[in-house]
Amino acid sequence: LCVQLINEYYGHEEDLYQESKILHLFDCILIELTRSYQKMKDHPLGKKDSLKVSDMIYYIENHYNSVTLKSIADYFGYHPKHFSRIIHQATGQTFTDLLLDLRMRCAKELLQNNSLSITEIMHQVGYHNYKWFSNQFQKKFDMSPKKYRDTV
């Protein structure tokens, strides 16, 4: 949704209904944030810890292209193993799986809504090896990034 909002804002010059679409996308983002916050608030970790977890998830979502387990654990003052346990307990996913899922969803969205090359998209979502990126995309979506772009 964020990528769509950015593309709508910067990608079109005064298109019909542009302002309405931007407002709608912004509303959708706020709804998703509210839902995520509510899930975290009601999580069995408790309110204090769940707020920390929501901060952690927010940080991952905003730094997904460069974050590492060590860098985020250091940022929040945890040992990487302990940080990893917190994330797994809160989300049911390992840090690696959570990050991979986020990067792949962003790559998919960029492939749909952007004219950047696949290599540029790969770098934008935090990968530096095309073969690795393509393999991960293939595993997640059952098709290569190129084939996916050609089908949308």
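This note sets out, in numbered points, the main features of a predicted model.

1. Overall make-up. The chain has nine helices and zero strands. Read from the N terminus, the order of elements is α-α-α-α-α-α-α-α-α. Of its 152 residues, 34% count as buried.

2. Length of helix α5. Helix α5 covers residues 80-91, which makes 12 residues. With 1.5 Å for each residue, the helix should span 16 Å, and its end C-alpha atoms are indeed 16 Å apart, so the expected and computed values agree.

3. The two sides of helix α5. Which residues of α5 are buried? They are Phe83, Ile86, Ile87 and Ala90. Viewed down the axis of α5, these buried residues fall within an arc of 95 degrees, and therefore they line one face of the helix. The face turned away from that buried side carries Lys81, Arg85 and Gln89, which are exposed. Just after the helix, Gly92 takes a positive phi of about 80 degrees.

4. A nonpolar patch on the surface. Phe26, Leu30 and Leu33 make a nonpolar surface patch of about 270 Å². Of these residues, Leu30 lies in helix α2, which comprises residues 18-41. The relative accessibility of Leu30 is 38%; because buried means under 20% and exposed means over 50%, Leu30 counts as partly exposed.

5. Aromatic pairs: Tyr59 and Phe76. Across the whole structure, a search finds 10 aromatic pairs. One of them joins Tyr59 and Phe76 in an edge-to-face arrangement, with 5.8 Å from centre to centre and 80 degrees between the planes. This pair links distant parts of the chain, since Tyr59 belongs to helix α3 (residues 47-62) and Phe76 to helix α4 (residues 69-76), with their positions 17 residues apart in the numbering. The two partners fall into separate accessibility classes: Tyr59 counts as buried at 15% relative accessibility, whereas Phe76 is partly exposed, with a relative accessible area of 24%.

6. Aromatic pairs: Tyr127 and Phe133. A tilted arrangement is found for Tyr127 and Phe133, whose ring centres are 5.7 Å apart and whose planes stand at 45 degrees. Both Tyr127 and Phe133 are buried.

7. An aromatic cluster. Which residues do ring pairs link into a cluster? The members are Tyr59, Tyr75, Phe76, Tyr78, Phe83 and Phe95. Among them, Phe83 is also one of the buried residues of α5, and Tyr59 and Phe76 form the edge-to-face pair described above.

8. Salt bridges: helix α4. Side chains of opposite charge can pair when their charged atoms come close. The count for this model comes to four salt bridges. In one of them, Lys70 is joined to Asp74, with the closest N and O atoms 2.9 Å apart. Both residues lie in helix α4, four residues apart, or about one turn of the helix. Lys70 counts as exposed at 52% relative accessibility, while Asp74, at 46%, counts as partly exposed.

9. Salt bridges: helix α6. Asp101 forms a salt bridge with Arg105, and the closest N and O atoms are 3.2 Å apart. Both residues are in helix α6 (residues 95-113); because they are four residues apart, about one helical turn separates them. Is Asp101 buried or exposed? Asp101 is buried, its relative accessible area being 16%, whereas its partner Arg105 counts as partly exposed at 44% relative accessibility.

10. Salt bridges: helix α9 and a network. The side chains of Lys146 and Asp150 also meet in a salt bridge, at 3.2 Å from N to O. These two residues stand four residues apart in helix α9 (residues 145-151), so about one helical turn lies between them. Lys146 is partly exposed, with a relative accessible area of 48%, and Asp150 counts as exposed at 54% relative accessibility. Elsewhere, salt bridges that share partners join Asp101, Arg105 and Lys140 into one network.

Definitions and conventions. Residues numbered from 1 in each chain as written. Predicted model: local features only at pLDDT ≥ 70, side-chain atom pairs only at ≥ 80, totals over all residues. Heavy atoms only, no water. Expected span 1.5 Å × (residues − 1). Buried < 20%, exposed > 50% of the residue type's maximum accessible area, 1.4 Å probe, protein only. Arc of directions from axis to C-beta. Patch = residues over 30% accessible without salt bridge, like charges linked within 9 Å, V, L, I, M, F, W, Y side chains within 5 Å. Areas by Shrake-Rupley, 256 points an atom, 1.4 Å probe, with all protein chains shown as cover. Phe/Tyr/Trp six-rings, centres within 6.5 Å; stacked < 30°, edge-to-face > 60°.
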